[in-house]
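Thanks for asking me to look this one over. My notes are below as numbered points, to be read with the structure open.

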Amino acid sequence: MSSVPFTASASPAERRYDPRYDPLVAPDPGAGRAYAPTWWVASAGQPPPDDGPVRGDFDADVVVIGAGATGMSTALYLAQEHGIAAVVLEANQTSWGCSSRSGGQGQNASGRLKRSQWIARWGLDTARALDREIRTGFENFAELTRQIDCEAYDGGHLYMAHRPEKIDYLRDESRVMNEQFGYRTRMLTPGQIREEFCDEREAAGAMWEEHGIGIHPLKFTFGLMRRARALGVKVHPASPVQGWQTIGGVHHLRTPGGTVRARRVAVCTGGYTGQQLHPLLKNKIMPILSNSVVTRELTAAEMAACGVRSETFLTDTRTLRFYYRFLRGNRLQLGSRSAVTGADAEAPEHLKLLTDAIARKFPPLAGVAIDHSWWGWVDVSHDMMPRITRPDPAQTIWYAVGYGGNGVSFSTWAGKRLAQRVTGQDAERAVFSLPIYDGPLEFPNAFGVVRSSLLAPFRRIGQRALYKWYWLRDEK
């Protein structure tokens with residue numbers, strides 16, 4: 001079937017991209033809405049065929065909600081390793097959320113915490129076990145990027161000190177990774193950065209780690225989808241879950257085109273997890289906006305002026321970090337956090353934050369034309385680490401969410417683990433006692449001491465205050 005969106009109840013205006021969509025406010029992400037105007041959408045080519053919107057009521061064994069990298073890998077592994085052809089329900093277009101809006105930086109990470117913070121929170125033994133799990137996930141991701149045409153560049157990751165005061169922090173992280181986890185990171189001077197990678201003028205130094213693969217995230221997820229559908233998976237776009245009842249252990253998932261009755265449900269909705277989807281997820285994810293731009297195609301002289309020698313991706317040491325890289329085809333992609341609400345996302349100061357950063361980091365590109373500007377929602381958990389779990393043993397519902405901006409690589413491994421959990425293949429695996437698997441997402445917290453759903457209405461007030469504090473701390 002064609003992947004052209006259609007819903008009987010939606011007008012053409014209702015199917016247009018909504019730049020002000022906000023998962024804490026909207027009842028659902030829409031039905032059949034167009035993609036955000038990202039570089040990835042513009043350059044990915046035609047989406048793979050899908051199975052069209054849900055039309056009529058039917059039964060399914062396993063339903064996966066969300067057709068991004070997590071949802072499609074869950075469906076792929078359910079079919080490939082467990083013989084289950086799942087039904088995937090997607091509100092808008094396939095790979096409509098994070099998978100078509102992220103920076104495409106596949107890091108050896110998941111969640112917001114660094115490995116030194118794992119040790120502080122859980123102790124060295126648990127931290128090493130968690131490292132093995134996430135590193136295995138990265139290796140699985142790396143193998144997938146070799147099999148799927150996604151413009152993969154296996155060049156590692158540069159963690160850039162944006163101020164001299166951050167060098168000691170990076171040196172400590174490098175030491176912990178090398179001594180406690182067996183990595184081979186190395187510290188670089190500004191001169192070495194220029195000689196090996198690019199002339200990033202803001203960098204006071206950097207830590208390079210060998211595990212990092214930049215990808216075209218939409219081409220990658222389209223590749224997962226093609227594989228899953230070849231194994232019998234059904235993918236239904238323009239089919240948001242607008243009502244959810246469980247009757248006699250069967251989940252009745254109401255979409256605009258009909259109700260799907262499922263024995264088991266896997267939720268893979270990331271930063272687009274609405275407050276009304278299911279009580280098990282209400283107030284458990286804090287969606288954070290991330291803005292991104294891609295420049296026009298740069299000339300050979302401009303690339304030379306920026307000293308570009310590699311497509312290795314970079315992030316800096318700001319709390320509200322910038323993430324950036326030179327893409328195949330001579331464009332610069334750069335993103336960061338900025339707006340707090342969907343209603344404010346179009347304000348010009350958020351675009352200016354990014355263009356000012358380009359001018360600071362790469363002065364030859366000051367004022368360069370921006371061809372693509374967009375934003376998307378990042379799924380941040382309240383304890384800064386993801387969960388791939390069954391939150392209530394009495395209910396046949398599982399979820400994999402909370403990557404905190406580090407889901408490009410780990411989302412596919414999370415899908416593999418989620419498939420194991422949905423099929424009951426997790427009982428004898430010690431790995432599922434790790435913190436990211438053992439227990440549900442947590443409610444908001446006040447200073448890490450008090451956790452309660454009652455704090456949820458105040459989260460964005462706190463976010464605004466934190467953003468101001470982070471800016472003062474990072475820039476002053």
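**Notes on the fold**

1. A good place to begin is Phe410. Setting aside neighbours within four places in sequence, Phe410 is in contact with Ala109, Ser110, Ile134, Ile388, Tyr403, Ile436 and Tyr437. Please keep in mind that this is a predicted model.

2. Where does Phe410 belong in the wider picture? Phe410 and Tyr437 are the residues with the most contacts inside the largest nonpolar core, which has 61 residues. At least two residues of this core come from each of several elements, including strand 1 (58-65), helix 2 (69-82), strand 19 (397-401) and helix 10 (410-422). Helix 4 gives the largest share, 8 residues. Domain 1 and domain 2 each contribute at least three residues to this core.

3. A separate core is worth finding too. Lying apart from the largest one, this other core has 25 residues, and Cys198, Leu298, Met303 and Ala357 are among them.

4. Now for the domains. The protein divides into domain 1 (20-102 + 218-286 + 383-444) and domain 2 (154-213 + 287-379), so please note when colouring them that each is made of separate stretches of the chain. Their centres, taken over C-alpha atoms, are 29 Å apart. In the contacts between them, 24 residues of domain 1 meet 20 residues of domain 2.

5. Next, the sheet. An open sheet is built from 8 strands in the order 6-7-5-14-15-16-13-17, with mixed pairing. Strand 6 (186-188) and strand 17 (370-381) are at the edges with a single partner strand each, so one side of each has no neighbour in the sheet. From one strand to the next, the twist averages 25°.

6. Strand 7 (residues 205-209) deserves a closer look. Strand 7 pairs with strand 5 in the antiparallel sense over 5 bridges; within that pairing, Tyr159 has Met207 as its bridge partner and Ala161 has Gly205. Strand 6 also runs antiparallel to strand 7, joined to it by 3 bridges. There, Met187 is bridged to Met207.

7. Is strand 7 enclosed or open? 5 of its 5 residues are buried, so strand 7 is largely enclosed by the rest of the structure. In a regular strand, side chains alternate between the two faces of the sheet. For strand 7, Gly205, Met207 and Glu209 are buried on one side, and Ala206 and Trp208 are buried on the other.

8. Which helices pack on the sheet? Helix 9 (residues 348-361) does, touching strand 13 (285-295), strand 14 (313-316), strand 15 (323-327), strand 16 (331-337) and strand 17, and its direction makes about 125° with that of strand 16. Helix 11 (residues 459-475) packs on the sheet as well, touching strand 13, strand 16 and strand 17; the direction of helix 11 makes about 45° with that of strand 13.

9. Last, the annotation. An unreviewed UniProt entry places the feature "domain: FAD dependent oxidoreductase" at residues 61-421. Over residues 61-421 the chain is 32% helix and 28% strand, and the end C-alpha atoms are 14 Å apart.

How values were computed
Residues numbered from 1 in each chain as written. Predicted model: local features only at pLDDT ≥ 70, side-chain atom pairs only at ≥ 80, totals over all residues. Heavy atoms only, no water. Core = buried A, V, L, I, M, F, W, Y, C linked by side-chain atoms within 4.5 Å. Buried < 20%, exposed > 50% of the residue type's maximum accessible area, 1.4 Å probe, protein only. Helix = DSSP H or I, 4+ residues; strand = E, 2+ residues; numbered from the N terminus. Contact = heavy atoms within 4.5 Å. Pairing = 2+ DSSP bridges. Axes fitted to C-alpha atoms, helices over the stretch in contact; angles between N-to-C directions. UniProt positions renumbered as here; feature names shortened; annotations may be inferred.
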